[in-house]
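Subject: Structure handover

Hello,

Please find the structure below, handed over as agreed. My notes on what was found in it follow.

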Amino acid sequence: MEVISIERSTYEELLTSFNSFVAKMKETASRGNDKGLDDWLDNQDVCQMLNISPRTLQTLRDNGTLAYSQINRKVYYKLEDVEHILHVVAGRDKDAKKYNLKTSSL
């Protein structure tokens, strides 16, 4: 075993720097924990919010209408992205209702 000796002042500077580094790492880690998944929605939430089926939601993902992120097999959506396409889905519902009214009157 090799023994290295340093001056007390050098050791204290090193210790201060290390403690500062540890404090910064803890702060960074706590900022990451605060975000969580509070601003994210899962498939069920989006389907209920847009009043659509899971298959329609899949289509919105596939054609690029709705952005998403995937962690393992779980899919998440940003609330702002879902709100952004809310009018698109509502417009499709209106078109479908118009179509149903025309066909029912024939």
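**The β2-β3 turn**

Asn72 lies in the loop between β2 (69-71) and β3. Please keep in mind throughout that this is a predicted model. The two strands, β2 and β3, form a hairpin with two residues between them. Asn72 has a positive phi of about 55°, although this residue is not a glycine. As background, most residues other than glycine have a negative phi. Is Asn72 buried or exposed? Asn72 is exposed, because its relative accessibility is 74% and the cut-off for exposed is over 50%.

A second residue belongs beside this one. Asn51 also is a residue other than glycine with a positive phi, near 55°. Asn51 sits in the loop between α2 and α3. Its relative accessible area is 66%, so Asn51 counts as exposed.

**Overall layout**

The protein has four helices and three strands. Along the sequence they follow the pattern α-β-α-α-β-β-α. Of the 106 residues in the protein, 15% are buried. The protein exposes about 9,000 Å², and carbon and sulfur atoms supply 53% of that area. Among contacts with a separation of 6 or more, 53% are between residues 24 or more positions apart.

**The sheet**

In what order do the strands of the open sheet lie? The order is β1-β3-β2, and the pairing is antiparallel. Strands of a sheet pair through backbone hydrogen bonds, either parallel or antiparallel. β1 (40-41) and β2 stand at the edges with a single partner strand each, so each has one side without a neighbour in the sheet.

The pairings are as follows:

- β2 and β3 run antiparallel and are joined by three bridges. Ser69 has Tyr76 in β3 as its bridge partner.
- β1 and β3 run antiparallel and are joined by two bridges. Trp40 has Lys78 in β3 as its bridge partner.

**The core**

The largest nonpolar core has 13 residues. Which of them touch the most other members? They are Val46, Leu50, Leu57, Leu60, Leu66, Tyr77 and Val82. The elements that give two or more residues to this core are α2 (43-50), α3 (54-62), β3 (74-78) and α4 (79-105). In soluble globular proteins, nonpolar side chains tend to be buried together.

Leu57 can serve as an example from the core. Setting aside its neighbours within four places in sequence, Leu57 is in contact with Asn43, Val46, Cys47, Ile52, Leu66 and Tyr77. Val46, Leu66 and Tyr77 also appear, with Leu57, among the core residues that touch the most other members.

**A nonpolar patch on the surface**

Some nonpolar residues lie on the surface. Ile4, Ile6, Tyr11, Leu14 and Leu15 form a nonpolar patch there, with about 530 Å² of accessible area together. One of them, Leu15, is in helix α1 (residues 8-35). Leu15 counts as partly exposed because its relative accessibility is 38%, and partly exposed covers the range between under 20% for buried and over 50% for exposed.

**Where to look**

To go through the model in the order of this message, start at Asn72 in the loop between β2 and β3, then turn to Asn51 in the loop between α2 and α3. After that, follow the sheet in the order β1-β3-β2, look at Leu57 and its contacts, including Ile52 and Cys47, and end with the patch that includes Tyr11 and Leu14.

Regards

Key. Residues numbered from 1 in each chain as written. Predicted model: local features only at pLDDT ≥ 70, side-chain atom pairs only at ≥ 80, totals over all residues. Heavy atoms only, no water. Patch = residues over 30% accessible without salt bridge, like charges linked within 9 Å, V, L, I, M, F, W, Y side chains within 5 Å. Areas by Shrake-Rupley, 256 points an atom, 1.4 Å probe, with all protein chains shown as cover. Salt bridge = Lys/Arg side-chain N within 4 Å of Asp/Glu carboxyl O. Buried < 20%, exposed > 50% of the residue type's maximum accessible area, 1.4 Å probe, protein only. Core = buried A, V, L, I, M, F, W, Y, C linked by side-chain atoms within 4.5 Å. Contact = heavy atoms within 4.5 Å. Pairing = 2+ DSSP bridges.
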